[in-house]
Amino acid sequence: AAAPAPAAKEELLVGTEPSFAPFEFPEKDSKEFTGFDMDLIRAIAKEMGYKKCTIKNMGFDALIPAINAGNIDVSIAGFSITEERKKQVIFSQPYYKSGLAFVVRKDVNDVKKFEDLKGKTIAVQLGTTGALYGEKLKDKGSVVKTFNTSDLACMELKNKGADAVISDLPVLQYFLKNGGSEYAKLAGEPLTAEDYGIVISKKNPELAKGIDKALDALKKNGTYDKLYEKWFGS
Ligand code: ARG
């Protein structure tokens, strides 16, 4: 007789910080979150046989602590894979190539490269690689303002409380395309290359393996490409 099908797992509990379009952001007229990461993790949960994929909204700097406290199973939040974070958690295989860049206010005309940000006011999101990168400017007479969400950092630019925002290039591009270009523009070259990974607790290496296996399957069966095209196709 055929082996019985493995029992369906109940629920995958996912944490994210949803101010990061097009990766995670509130869906219009709905209580749900949408974006590339959201579609991807739902597809992964389905592929792994979970009946439910529940997404919790948390502060970006609260995600790794929540993973390690066991309050959530995984986090997908445009997390860049870094050596520092690898000391605390497991990352899945990379699922998206990203990197840091910066925008300045449209009326700021003396910033052509990163070094020109000295003496300027820069807005960043707490706990991000962009915030860390911005610290390089602190001893150059710049003011770095830290915000809880990526949206608030961009708002500060709009309100002229900041001259520049350092964030992930695809997020800045989406922001410019969706109204931001009225008051902001990209400046300089991209600052870094960073890969996104899904975050899993070191106490749960089996779950990490399962996520990687599901990612392999979704890359193979065309689901990954379809989602990529949906969110990043021209
Ligand atoms: N990639 C950057 C990092 O890992 C920013 C991620 C911010 N994500 C978010 N959902 N707000 O630090």
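Q: What makes the pair of a backbone N or O atom of Gly78 and a nitrogen atom of the ligand a polar contact?
A: These atoms lie 2.7 Å apart. A polar contact is a pair of N or O atoms within 3.5 Å, so the Gly78 pair qualifies. The model is predicted, with local features needing pLDDT of at least 70 and side-chain atom pairs pLDDT 80 or more, while totals for chains, interfaces and linings use all residues. Residues are numbered from 1 along each chain as its sequence is written, and side-chain values use heavy atoms, without hydrogens and water.

Q: Which other residues have polar atoms facing an oxygen atom of the ligand?
A: An N or O atom in the side chain of Arg85 is 2.7 Å from a ligand oxygen, and a polar backbone atom of Thr129 is 2.8 Å from one.

Q: How much of the ligand does the protein bury?
A: Alone, the ligand exposes 350 Å² (Shrake-Rupley method, 1.4 Å probe). The protein buries 100% of that.

Q: What makes a residue count as near the ligand, and how many surround it?
A: A near residue has a heavy atom within 4 Å of the ligand. There are 14 residues around the ligand, with Ala77, Gly78, Arg85, Thr129 and Asp168 the closest.

Q: Why is the ligand said to lie between domain 1 and domain 2?
A: Domain 1 (11-96 + 195-232) and domain 2 (100-187) both give residues to the shell around the ligand, so the ligand lies between them. The bounds come from an automatic or database domain assignment. The C-alpha centres of the two domains lie 26 Å apart.

How values were computed
A polar contact is a pair of N or O atoms within 3.5 Å; within protein, one must be able to donate a hydrogen and the other to accept it, and residues adjacent in sequence count only if both atoms are side-chain atoms.
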